[in-house]
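Work through the exercises below with the sequence and the model open. Each task is followed by a solution in steps.

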Amino acid sequence: MVVSFDQPTQTWMFIALHDMTLGPAMGGCRMMVYETPEEGLRDAMRLAEGMTYKWATIGFDLGGGKSVLAVPQPVAGDEREGLFERFGALVDSLRGAYACGPDLGTTPHDMSVIGRSTEYVHGVDRSGGEPVDPGPYTALGVFCGIRAALRHVHGDDSLGGRSVLIQGAGDVGYPLGKFVADAGGKVLVSDVDGTKAATLANKTGGTVIPLDASYATHCDVYAPCAVGATLNAETIPQLQCRIVAGSANNQLAHEADADRLHERGILYAPDYVINAGGATALPLLDSGRSTPDEVRERIRRFDKILSAIFNDSAANGVSPLLGAKRAAEKVLEGGKPLR
Ligand code: NAD
């Protein structure tokens, strides 16, 4: 852990480096108001561990890291810029051991401010200085994961005649809906923001589902693309689908919820694998190492990676969550990543 206190904004800055077996750590920078600084510290550590498994599973030579800015209250304007410049200097002092990107509470613009103090930041196209929007890349990864899940469950990955209930028509959910509709699938959408739900439904010829019916509506795939912990002891018994595959981070309220889904015969695509499209895109695009087409090609491999996880976990009688963790641990012990 790297811990620093930013006097001018009274912010605790935490950088958690979980495991650097595969390479230097990379992970987003989250900014939030926590009840106590300890909660921010714990969040950084838990999220950094998730990044270790994410990179190992999708085959990147990167380690697990994450940073948290535990602010006492929301910051804006010059105060915000100053905080991110000083945070950038802290990142820079690690000389490449950790690189950050956007996360909850931080924006691509914040990344460009961090970039004034360090080169170890992602999310800004270095040639044009424009922010890179990870949402459509994440949506592509989720769409590939949905195909892999359909094939595993039905022996056929066609979207024709299949329905996908997208919870959250935001930066990821909206382009995901378009992928589904373009492939011939039926879009069902629910969002706390009724306008967003209606816009996606209109665009795709889909149907808006009332918020209170999100879980109990019949569909082939439930795609949580809004908030975390929507899969829990209360909602899992209501689900009327065979597949859960969406982008939301920490979809499971508890690890035991993976077993609850498994016992109900519902295939779960582990969140940190299926939502890794944006994480894949940022370091490749802004460093100029890959073109957008090459990045999309790499993200399409998530289909094979998730198929391997589904097949291995079925063969071993464990949930895909446990299967993915075992696959990542093998990579960390020197094995080959899933391809
Ligand atoms: P976003 O804020 O653009 O969109 C979220 C949408 O969910 C909004 O339209 C919001 O109105 C809606 N929403 C919020 N609470 C809801 C609820 N209870 N029920 C229904 N709808 C609700 O966010 P995003 O960038 O699309 O990300 C969606 C999820 O995917 C988040 O959990 C995020 O952490 C995760 N994720 C995103 C990316 C990315 O590239 N953007 C990458 C990895 C993971």
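The model is predicted. Val 3 comes up first: its relative accessible area is 45%, so Val 3 counts as partly exposed.

**Exercise 1. A surface patch**

Task: Place Val 3 in its secondary structure element and state which nonpolar surface patch includes Val 3.

Solution.
- Step 1. Strand S1 covers residues 2–6, and Val 3 belongs to this strand.
- Step 2. Partly exposed residues lie between the buried limit of under 20% and the exposed limit of over 50%. At 45%, Val 3 is therefore in the partly exposed class.
- Step 3. Val 3 joins Met 1, Phe 5, Trp 12 and Met 45 in a nonpolar patch on the surface. Together these residues have about 430 Å² of accessible area.

**Exercise 2. The ligand site**

Task: Describe the residues around the ligand by class, then list polar contacts to ligand oxygen atoms from Asp 171, Asp 191 and Ser 247.

Solution.
- Step 1. The ligand is surrounded by 21 residues, and the closest are Thr 138, Val 172, Asp 191, Ala 226 and Ser 247.
- Step 2. Sorted by class, this shell contains nine nonpolar, eight polar and four charged residues.
- Step 3. A side-chain N or O atom of Asp 191 is 2.6 Å from an oxygen atom of the ligand. For Ser 247, a polar side-chain atom lies 2.8 Å from a ligand oxygen. Asp 171 uses a backbone N or O atom, at 2.9 Å from an oxygen atom of the ligand.
- Step 4. The ligand taken alone exposes 830 Å², of which the protein buries 73%.

**Exercise 3. Salt bridges within a helix and beyond**

Task: For the pairs Arg 147 with Asp 157, Arg 260 with Asp 257 and Arg 296 with Asp 293, give the N to O distance and locate the partners.

Solution.
- Step 1. Side chains of opposite charge can pair when their charged atoms come close. The structure holds 15 salt bridges.
- Step 2. Arg 147 and Asp 157 meet at 3.9 Å, N to O. Arg 147 is in helix H4 (residues 135–154), while Asp 157 is in the loop between H4 and strand S6 (163–167), so their salt bridge ties together parts 10 residues apart in sequence. Arg 147 is partly exposed at 23%, and Asp 157 is partly exposed at 23%.
- Step 3. Arg 260 and Asp 257 meet at 2.4 Å, N to O. Both are in helix H7 (residues 256–263); because they are three residues apart, about one helical turn separates them.
- Step 4. Arg 296 and Asp 293 meet at 3.0 Å, N to O. These partners lie three residues apart in helix H10 (residues 292–300), about one turn of the helix. Arg 296 is partly exposed, at 29%, whereas Asp 293 is exposed, at 54%.
- Step 5. Salt bridges with shared partners also join Arg 30, Asp 43, Arg 46, Lys 66 and Asp 103 into one network.

**Exercise 4. Surroundings of Asp 257**

Task: Decide whether Asp 257 is buried or exposed, and find backbone nitrogens that its side chain contacts.

Solution.
- Step 1. Asp 257 is found in helix H7. Its relative accessible area is 0%, so Asp 257 is buried. Its salt-bridge partner Arg 260 is partly exposed, at 32%.
- Step 2. The side chain of Asp 257 reaches the backbone nitrogen of His 254 at 2.8 Å. A polar atom of the Asp 257 side chain also lies 3.3 Å from the backbone nitrogen of Ala 253.

Notes: Residues are numbered from 1 along each chain as its sequence is written. This is a predicted model: local features need pLDDT of at least 70, side-chain atom pairs count only at pLDDT 80 or more; totals for chains, interfaces and linings use all residues. Side-chain values use heavy atoms; hydrogens and water are left out. Patches are made of residues with over 30% relative accessible area and no salt bridge: like charges are joined within 9 Å, nonpolar side chains (Val, Leu, Ile, Met, Phe, Trp, Tyr) within 5 Å. Accessible areas come from the Shrake-Rupley method with a 1.4 Å probe; for residues, only the protein chains shown count as cover. A salt bridge is a side-chain nitrogen of Lys or Arg within 4 Å of a carboxyl oxygen of Asp or Glu. Helices (H or I, at least four residues) and strands (E, at least two) are DSSP runs, numbered from the N terminus. Buried means under 20% relative accessible area, exposed over 50%, partly exposed in between (1.4 Å probe, protein chains only). A residue is near a molecule or strand if one of its heavy atoms lies within 4 Å of it. A polar contact is a pair of N or O atoms within 3.5 Å; within protein, one must be able to donate a hydrogen and the other to accept it, and residues adjacent in sequence count only if both atoms are side-chain atoms. Ala, Val, Leu, Ile, Met, Phe, Trp, Tyr, Cys and Pro count as nonpolar, Asp, Glu, Lys and Arg as charged, and the others, Gly among them, as polar.
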